[in-house]
Amino acid sequence: MLGRVNLVQAAKGLFNLNYYLNKFIMMNIKKWSFTTLFFVGVLAVVFQSFTLLNFKPKDKFVGLQLYSVRDEMKKDPQATVVKVGEMGYDFVEAAGFNDGKFYGMDPLVFKKLCEDNGLQFLGSHTGQNVPDETNWDKTMAWWDMAIDAHAAAGVKWIVQPWMSQEGYTSLDGLKRYIKYFNAVGEKCKAKGIEFGYHNHDKEFTTVLEGKPVYDWMLELSNPDNVMFQLDLYWITQGGKTPADYFNKYPGRFMLWHIKDAKELGASGEMDFNAIFASGEKSGMQYGIVEVEEYDFEPLVSCKKSLEFMNTTNF
């Protein structure tokens with residue numbers, strides 16, 4: 001964020017310099033020879049090109065979780081991806097993996113659909129409940145299939161966005177999930193993919209042996225194998241503050257789900273600029289908009305959410 005601010009300031013400085021150079025030329029044009037005018041003119045063109053091209057402030061890099069348009073993706077995934085690309089999002093995170101395919105498409109076909117519409121396909125939500133000893137091998141075989149499909153599409157991460165009740169009822173049950181996630185993360189790592197977990201509010205409101213479930217997950221998981229996708233809305237609904245977790249567990253939150261009760265900014269409950277300003281220690285590399293409920297048609301709400309993001313300090 002700081003680098004983006006500095007780049008904007010540099011661009012503004014060059015625009016001002018170009019303005020005063022042109023003004024200086026107009027004041028002295030009658031005094032100069034043709035050769036002097038030629039070289040000053042070239043200098044002015046160089047400055048103008050430099051300010052317009054090389055120092056254009058970088059746009060925000062914002063993704064959309066396609067669960068935000070889940071009904072549309074079920075009806076017509078091709079047309080929906082086209083519309084998401086037209087909105088101006090930079091990348092997508094899928095929520096429709098099944099039987100080796102994304103929204104019924106082979107991995108490379110879905111990737112091409114995204115890229116043809118100006119979108120990178122960077123991540124995906126999928127997963128399985130924690131297996132017991134009798135079906136551990138079967139579950140791990142499913143993960144091998146899933147990881148291979150995601151690797152074929154070139155995604156950077158896979159996130160599991162749930163745990164069954166076992167993860168919330170006892171510390172032993174939660175430890176089984178953490179052992180499982182560590183194993184899945186190791187498999188993903190071997191294929192160049194990050195594995196992570198996405199929270200809801202229950203991980204903060206459920207306390208096991210004096211500590212919230214989420215804290216146990218952060219402390220017992222292997223940072224080399226498991227990263228976290230922090231949902232900014234659900235952590236606040238769970239009564240916690242993102243900045244506190246960024247400071248306590250720095251570098252663990254590679255992904256953010258940027259979410260409000262409905263479209264971003266509509267509730268007035270989320271102080272996004274304060275959260276974004278506090279995120280330096282979080283380890284965040286990608287911010288992903290997710291809209292679960294709406295005041296408008298889902299596609300309209302997603303567009304409004306991106307427009308809101310462009311007004312923030314993200």
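A crossover between two strands is called right-handed if, with the strands pointing away from the viewer, the path from the first strand over the helix to the second runs clockwise. Keep that picture in mind, as this predicted model has a unit of this kind: strand β5, helix α6 and strand β6 make a right-handed β-α-β unit. The protein has 14 helices and 12 strands, and 46% of its 314 residues count as buried. Among its contacts with a separation of 6 or more, 79% link residues 24 or more positions apart. Let's walk through it, topic by topic.

**Strands side by side**

- Start with strand β1 (residues 62–65), which pairs with β2 in the parallel sense over 3 bridges; here leucine 64 has valine 92 of β2 as its bridge partner.
- Strand β2 (residues 91–94) is joined in turn to β5 by 4 bridges, and these two strands run parallel. Valine 92 turns up again here, with phenylalanine 121 in β5 as its bridge partner.
- From β5 (residues 120–125), 3 bridges lead to β6, again in parallel. One pair to look for is glycine 123 with tryptophan 157 of β6.
- Strand β6 also pairs with β7 (residues 194–198), in the parallel sense and over 4 bridges. Tryptophan 157 stands opposite glutamate 194 of β7.

**Two strands with both faces covered**

- In β2, Phe91 and Glu93 lie on one side and Val92 and Ala94 on the other, and all are buried.
- In β6 (residues 157–160), Trp157 and Val159 point one way while Ile158 and Gln160 point the other way, and all of them are buried.

**Helix α6, the link in the β-α-β unit**

- Does the length of α6 fit its residue count, or not? Its 18 residues (136–153) should span 26 Å at 1.5 Å a residue, and its end C-alpha atoms are 26 Å apart, so the two values agree.
- The buried residues of α6 include Met140, Trp143, Ile147 and His150.
- Just after this helix comes glycine 154, with a positive phi of about 80°.

**Helix α8 and its surroundings**

- You can repeat the length check on α8: its 20 residues should span 28 Å at 1.5 Å a residue, and the end C-alpha atoms are 29 Å apart, which agrees.
- Among the buried residues of α8 are Leu174, Tyr177, Ile178, Tyr180 and Phe181.
- The buried residues of this helix pack against α6, β6, α7, β7, β8 and α10.
- A glycine with a positive phi follows here too: glycine 192, just after α8, has a phi of about 80°.

**Nonpolar cores**

- In soluble globular proteins, nonpolar side chains tend to be buried together.
- In this model the largest nonpolar core has 74 residues, and Tyr89, Phe110 and Phe253 have the most contacts inside it. Helix α8 (residues 171–190) gives the most to this core, with 8 residues.
- Another core, of 9 residues, lies apart from that one; Trp157, Met254, Leu255 and Tyr286 are among its residues.
- Beyond its neighbours within four places in sequence, phenylalanine 110 is in contact with residues including Leu66, Ala94, Phe102 and Phe121.

**Glutamine 160, a buried polar side chain**

- Glutamine 160 is part of strand β6. It has 0% relative accessibility, and because buried means under 20%, it counts as buried.
- What does its side chain reach? A polar atom of the glutamine 160 side chain lies 3.0 Å from the backbone oxygen of glutamine 128 and one lies 3.1 Å from the backbone oxygen of tryptophan 162.
- Glutamine 128 is 32 residues away from glutamine 160 along the chain, while their C-alpha atoms are separated by 7.9 Å.
- Not counting residues up to four places away in sequence, glutamine 160 also touches Trp143, Tyr177 and Phe195, among others.

**Asparagine 199, buried in a loop**

- Where is asparagine 199? Its place is in the loop between β7 and α9.
- Asparagine 199 counts as buried because its relative accessibility is 0%.
- The side chain of asparagine 199 reaches the backbone nitrogen of aspartate 231 at 2.8 Å.
- Apart from neighbours within four places in sequence, the contacts of asparagine 199 include Phe204, Tyr214, Leu230, Asp231 and Trp234.

How values were computed
Residues numbered from 1 in each chain as written. Predicted model: local features only at pLDDT ≥ 70, side-chain atom pairs only at ≥ 80, totals over all residues. Heavy atoms only, no water. Buried < 20%, exposed > 50% of the residue type's maximum accessible area, 1.4 Å probe, protein only. Pairing = 2+ DSSP bridges. Expected span 1.5 Å × (residues − 1). Contact = heavy atoms within 4.5 Å. Polar contact = N/O pair within 3.5 Å; in protein donor to acceptor, adjacent residues only side chain to side chain. Core = buried A, V, L, I, M, F, W, Y, C linked by side-chain atoms within 4.5 Å.
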